[in-house]
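Got your viewer open? Let's take a walk through this one, one selection at a time.

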Amino acid sequence: MPPRINIISTARNLAFRSKHNNGRTCHASRLPTISPYINTRSLSSSKDLPTSPDQKGPNTDPQSTGLPSVSEEANMTSKIEGGKGPDLEQGTPVQEVVKRDPEAQKHLPKVMKEELKKSENKTPGSTRQFSTYARQREELTTQGPPSTPDAIVGAGMESLDTPDVLSASEADELAEFENDLVEADASPLPALKPDDIFTKRYPAIIDQLVGQVQAHGKKSVAQKNVATILSILRSSPPPKLNPARPLLPGHPPASFLPLNPILYLTLAIDSLAPLIRLRAEKGAAGGGASLLIPMPLQMRQRRFVAMKWVLDAARKRKDKTFPHRVADVIVSVVEGKSALWERRMNLHKMGVASRVNVNYFQQKSGRKRRM
Amino acid sequence: MVRYALVHSIRNAASLATTPSRSISRLPIIRPFSTSRILALEQQEGKQLLTIQPPLDIEYEDVEDHPKPLLERVRIVPDSQSYFSARPSFTDTFLGVEHLYLKWKVLPRTATPQDTHWTSYDEVRAMTGNEPVPEKRYREMIRMLKDLDNIEPVVMPTEVLRLIDEHKRAFQPNQVKPKVFLVDEWGRSLGVGKRKTSTAKAYLVMGEGEVLVNGKSLTEYFGRLHDRESALWALKITERIPKYNIFALVEGGGVTGQAEALTLAISRALLVHEPQLEHRLLEAGCLFRDPRKVERKKPGHLKARKMPAWVRR
Amino acid sequence: MRPTTTLRRVPALLDDCIVARPLTLRRPGSVTYFSTTSYRYAPPTAGKKKGTGGHGEGPKKGRQTLKIKRDMRVKDATIGTPESRKAFRTRIILENTNANTVPGLDRLTAETAFAKESIGKVFTIPGNHIDALRLMGAFKRTQGWHNYKGPATLIRQETWYIGQRMNEISEAGLGAETTRKVIIGERKSGKSVLILQALSMAMLREWVVINIPECRELTDALTSDYNPVKGTDPLQFYQKQYSATLLDQIARVNRTVLSKIKVSQSHTLPIRNLGQMNLHQLAEHGAAELDLAWPVFQALWTELTAKNDPEVVEKFGKRPPVMFCADNISYIFGESKYEKLAENDKLVPVHTFDLLLPKHYIDLLTGTTTLPNGGIILGATSSSHYITCPPLDVAIEMGQERLQYPDEKLEVNDFWNPLVKIDRRVLDQVINIDVLPLKGISKEEAREIIGYWALSGLVRDRVQDNYVGEKWTMSGGGVIGELEKAVVRMNLNGGT
């Protein structure tokens with residue numbers, strides 16, 4: 001299935017994804033889908049993008065096929081049944097369109113034919129081929145606040161942090177293992193959660209922040225400070241979001257943030273995290289001047305930079321206590337008041353300005369080879 | 001004349017060494033020596049320097065009625081045929097192995113191969129007095145030994161057993177089995193764990209989730225929640241905390257080390273009660289003996305690796 | 001500034017006896033006469049004019065002079081004063097607006113607080129008590145109130161036990177006994193919260209409540225608040241600043257109770273119309289006038305401990321029992337940080353038994369002085385910020401032994417480590433104290449309090465037996481502070 005995603009927006013969403021990949025490969029299908037207002041975050045303006053005159057995707061036009069598209073039909077059916085059908089804004093994959101059209105199947109490329117055959121033979125497994133991420137998020141934003149306190153606290157983070165679904169073979173293995181348990185009163189153990197692993201018991205972002213707060217090998221002090229930061233966020237009033245400084249798309253409403261301080265922190269850090277760094281290559285611009293080369297950053301690196309900015313801003317001030325200062329900076333980032341946003345924007349601007357240098361190293365090695 | 005005969009006989013013997021075994025006369029072993037330098041000197045000075053007397057009085061006439069030819073009777077023949085090769089003792093060993101390998105090829109072999117550890121290449125070389133043993137030969141020999149080792153124990157010939165004993169390592173790692181702990185008559189199971197410089201012993205009994213570490217309560221001994229969780233991690237992820245009581249003894253090292261030594265000790269003690277949990281504990285990383293230790297300080301360094309600042313002078 | 005140098009003036013001040021000194025001579029509030037700080041920091045008086053650089057004045061050209069650089073760093077407005085920063089650090093937050101209101105939570109009342117069925121249940125602390133408890137310093141930062149919608153507390157076995165004693169004393173009336181307990185227990189086991197509960201319950205029963213929130217403040221000499229009493233041997237000291245604060249606290253917290261009681265005895269106090277006053281007015285007088293604070297406190301105490309004879313009750317009002325609590329008591333059993341000049345002209349530390357206010361409390365706690373109308377004296381030890389006090393430790397150990405084997409006769413020597421220096425003066429005083437050990441709460445109590453935390457929106461896991469059991473073990477067998485750490489902090493902060 002071709003990834004129907006914008007690369008930049010995906011990269012921005014990446015950081016917000018479940019931390020527990022468990023070594024499995026990351027399929028494009030698991031990535032969150034595009035949000036309608038995604039382009040407001042990208043660097044180029046939305047004016048540059050070609051727009052469809054009728055605001056419809058290639059498969060969504062009923063006139064061309066004579067039939068409503070598969071997704072539309074499914075949507076209508078489920079509406080009649082009182083449910084909620086597939087998201088119409090996403091268009092319909094080709095595979096689904098040709099599924100019930102034997103004439104069209106004959107003209108399919110070989111690869112797709114084989115794929116179709118495989119999917120027909122396969123019994124439905126426990127692995128989901130699609131992400132429920134976007135839908136959960138949508139429910140969260142469109143519906144009112146959940147009624148129970150547990151749901152409020154768990155919202156957002158829970159949906160983001162759901163571990164990967166077990167494959168069929170793994171599930172069998174687990175069932176077999178559970179059958180082996182002989183203790184009479186023991187109810188079967190739930191599956192091992194990713195944070196049950198001894199060395200990975202804390203969320204990745206917390207571990208990273210602790211590492212950056214830590215000084216002189218005093219880890220417990222650092223952990224205490226991070227815990228205080230989060231508990232301050234827990235008792236702080238909901239942030240007033242600034243529409244001029246949009247955060248990561250699909251985040252829960254502001255009133256939910258203090259209820260889940262880890263989500264609060266993650267949102268601040270991941271929204272602030274720059275996409276690139278600028279590498280100054282000495283003497284590359286000629287005459288001893290250094291050349292700025294934009295380099296992409298991995299998720300962890302991006303978080304590192306954002307945390308460094310936040311912690312530096314907190315260390316500069318002297319009022320209150322250190323955890324309070326960090327918490328203040330985080331709140332001001334989420335509220336869009338922080339000067340760190342300027343810093344991020346300037347970095348990105350310079351990155352765009354020096355975009356000609358992106359391929360500097362490839363060009364350099366290419367030149368050498370030619371010589 | 002005499003010199004010629006001697007040289008000739010030596011060459012002959014060398015050529016014999018490669019042929020299959022025949023009866024070898026029991027003469028005293030004489031070390032081979034080189035005459036090339038003396039011959040060169042003779043040529044230089046123009047006179048004869050070396051006169052070699054035969055060891056016996058030799059009558060240079062053919063005795064027809066003797067069962068052995070004269071040459072064979074009088075020449076000096078070494079004990080082993082491989083005497084004249086580059087690696088006599090290894091060749092002997094190799095031939096010995098090969099002999100038994102060919103001899104007992106017909107015997108049935110076991111289905112599962114034995115996990116015997118053989119003498120290493122370096123050890124074999126040391127044993128032969130640093131002979132230039134080719135690795136290929138060594139590997140071939142070990143292959144044959146392994147094959148012999150797999151002979152069905154019922155029909156195993158004694159000579160093969162003796163041969164295997166000669167080539168086996170004294171220490172067989174697979175023979176060393178970890179000490180098996182069992183639940184004792186009081187219902188306790190014992191587990192032992194180590195981490196950094198700490199050691200921990202944990203006794204587990206069925207109970208209500210009470211813990212004593214060195215006679216103190218868990219909170220008194222481990223002030224940090226992180227450490228308490230570390231210590232009980234195995235029970236936590238298997239939801240067994242309220243089902244066992246723990247009596248633990250820890251010593252050495254610091255708080256983290258002691259807590260994580262306890263992790264291992266408790267995991268092992270839990271396995272004694274419930275061996276079926278091994279897979280889960282392994283997956284969760286509770287049964288891993290973390291081998292890391294503080295790196296030692298070295299002379300000339302300020303710490304383990306830190307070097308003093310460079311000073312001009 | 002520490003008044004070390006000015007302490008040499010102590011012998012001169014010895015004549016400054018409180019009774020003999022004319023009170024009018026000294027302004028109220030001028031308490032810093034042990035310190036030179038104000039003098040040194042005072043603005044320069046208009047003295048000799050400085051030269052303007054003419055001949056003969058100032059350094060010659062080229063000659064180096066001593067120049068002391070001023071600190072030219074720009075002071076950030078956001079830094080704030082040290083006082084404001086300390087206030088920020090030490091402020092007590094009792095409410096988290098983000099927390100959920102727990103439905104169906106009862107208030108602590110005279111009925112619920114003392115009922116046996118209340119054991120293992122959570123109650124909110126009444127609003128009028130919150131202000132009083134805050135005033136008395138009964139709320140502490142370590143008690144973790146900041147996570148919940150409002151202060152609520154778990155009635156545990158020991159709380160109920162104190163309630164029982166209170167009931168007995170209230171019912172006994174004349175000739176009621178006094179309960180004296182030293183609360184011990186490991187870190188975070190709820191010792192100071194038990195004191196808070198006891199104070200709250202005493203207020204429900206309309207007792208007189210007095211609380212010393214931190215004994216360290218009485219002895220650590222961070223203020224110069226100690227004054228000698230003439231003609232005492234060994235020299236005794238009273239602390240007027242602290243006494244005034246305490247009187248203020250007593251007057252405000254016990255307003256309704258004290259207003260009903262009139263002054264029944266004659267006191268040598270320079271206060272007009274003393275005979276027509278009620279005890280609340282008396283306490284207010286003491287709080288307002290620093291120099292009167294300690295004598296007024298003494299007078300107040302004599303009034304409170306006057307016997308409840310029928311004719312006295314009819315005429316002056318009934319004296320209620322007293323609840324007197326103190327926290328972190330190990331600081332007042334030994335030498336204080338204050339110093340006095342010994343006969344050989346050397347500075348020696350003042351013993352805490354020579355400080356009148358601590359001694360007053362100690363006498364009550366150890367039973368040297370009695371309460372004719374009954375009452376409860378509680379003292380809590382601290383396990384996080386304390387000084388070691390060998391005689392107190394010996395006494396506590398003996399107290400624990402006595403609890404376990406009530407019939408056995410105990411020998412001090414069995415508990416006394418001969419290698420440790422022991423203050424006999426302290427040991428003789430404390431040898432017979434009773435202890436109230438606090439252990440962890442039971443699993444049922446733990447389940448109840450975890451349920452309360454969960455309803456406050458602080459627990460994401462499902463509260464099941466296994467979960468409660470796990471947390472109970474993690475907290476060393478239900479040590480309540482550790483339990484909160486294991487449950488609430490674990491959930492909020494991903495475990496760090």
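A salt bridge is a side-chain nitrogen of Lys or Arg within 4 Å of a carboxyl oxygen of Asp or Glu. Searching the whole structure turns up 37 salt bridges over all chains.

Before you click on any, some ground rules. This is a predicted model, where local features need pLDDT of at least 70, side-chain atom pairs count only at pLDDT 80 or more, and totals for chains, interfaces and linings use all residues. Residues are numbered from 1 along each chain as its sequence is written, chains are lettered from A and ligands numbered from 1 in the order in which they are written, and side-chain values use heavy atoms, with hydrogens and water left out. The model's overall scores are ipTM 0.78 and pTM 0.68.

**Stop one: chain A**

Select chain A and colour it by secondary structure. You should find 17 helices and 2 strands (DSSP runs numbered from the N terminus: helices are H or I with at least four residues, strands are E with at least two). Of the 371 residues in chain A, 39% are buried (buried means under 20% relative accessible area, exposed over 50%, partly exposed in between, with a 1.4 Å probe and protein chains only). Now switch on the surface: chain A exposes about 21,700 Å², with carbon and sulfur atoms supplying 56% of it. Such areas come from the Shrake-Rupley method with a 1.4 Å probe, and for residues only the protein chains shown count as cover.

**Stop two: a salt-bridge network in chain B**

Next, select B:Arg195, B:Glu260, B:Asp290 and B:Arg292, which are linked in a network of salt bridges. Zoom in on B:Arg195 and B:Asp290: their side chains meet in a salt bridge at 3.7 Å, N to O. This pair links distant parts of the chain, with B:Arg195 in strand S1 (residues 189-195) and B:Asp290 in the segment after helix H12 (278-283), 95 residues apart.

Are these two buried or exposed? B:Arg195 counts as buried because its relative accessibility is 10%, and B:Asp290 counts as buried at 11%. B:Asp290 also meets B:Arg292 in a salt bridge, this time at 2.7 Å. B:Arg292, though, is exposed, with a relative accessible area of 55%.

**Stop three: a nonpolar patch in chain B**

Pick B:Leu212, B:Phe247 and B:Leu249, which make a nonpolar surface patch of about 240 Å². Patches are made of residues with over 30% relative accessible area and no salt bridge; like charges are joined within 9 Å, and nonpolar side chains (Val, Leu, Ile, Met, Phe, Trp, Tyr) within 5 Å. B:Phe247 sits in strand S5 (residues 244-251) and counts as partly exposed at 37% relative accessibility.

**Stop four: chain C**

Colour chain C by pLDDT (the predictor's confidence in each residue, from 0 to 100). Its mean is 85, and 84% of its residues reach 70 or more. Over residues 47-54 of chain C, the pLDDT is below 50.

Now select C:Asp363, which is buried at 13% relative accessibility. What does C:Asp363 form a salt bridge with? The partner is C:Lys359, with the closest N and O atoms 2.9 Å apart. The two are 4 residues apart in helix H13 (residues 356-366), so about one helical turn separates them.

Finally, add C:Gln429, in helix H15 (residues 424-430). C:Gln429 is buried, with a relative accessible area of 17%.

How values were computed. Contact means heavy atoms within 4.5 Å.
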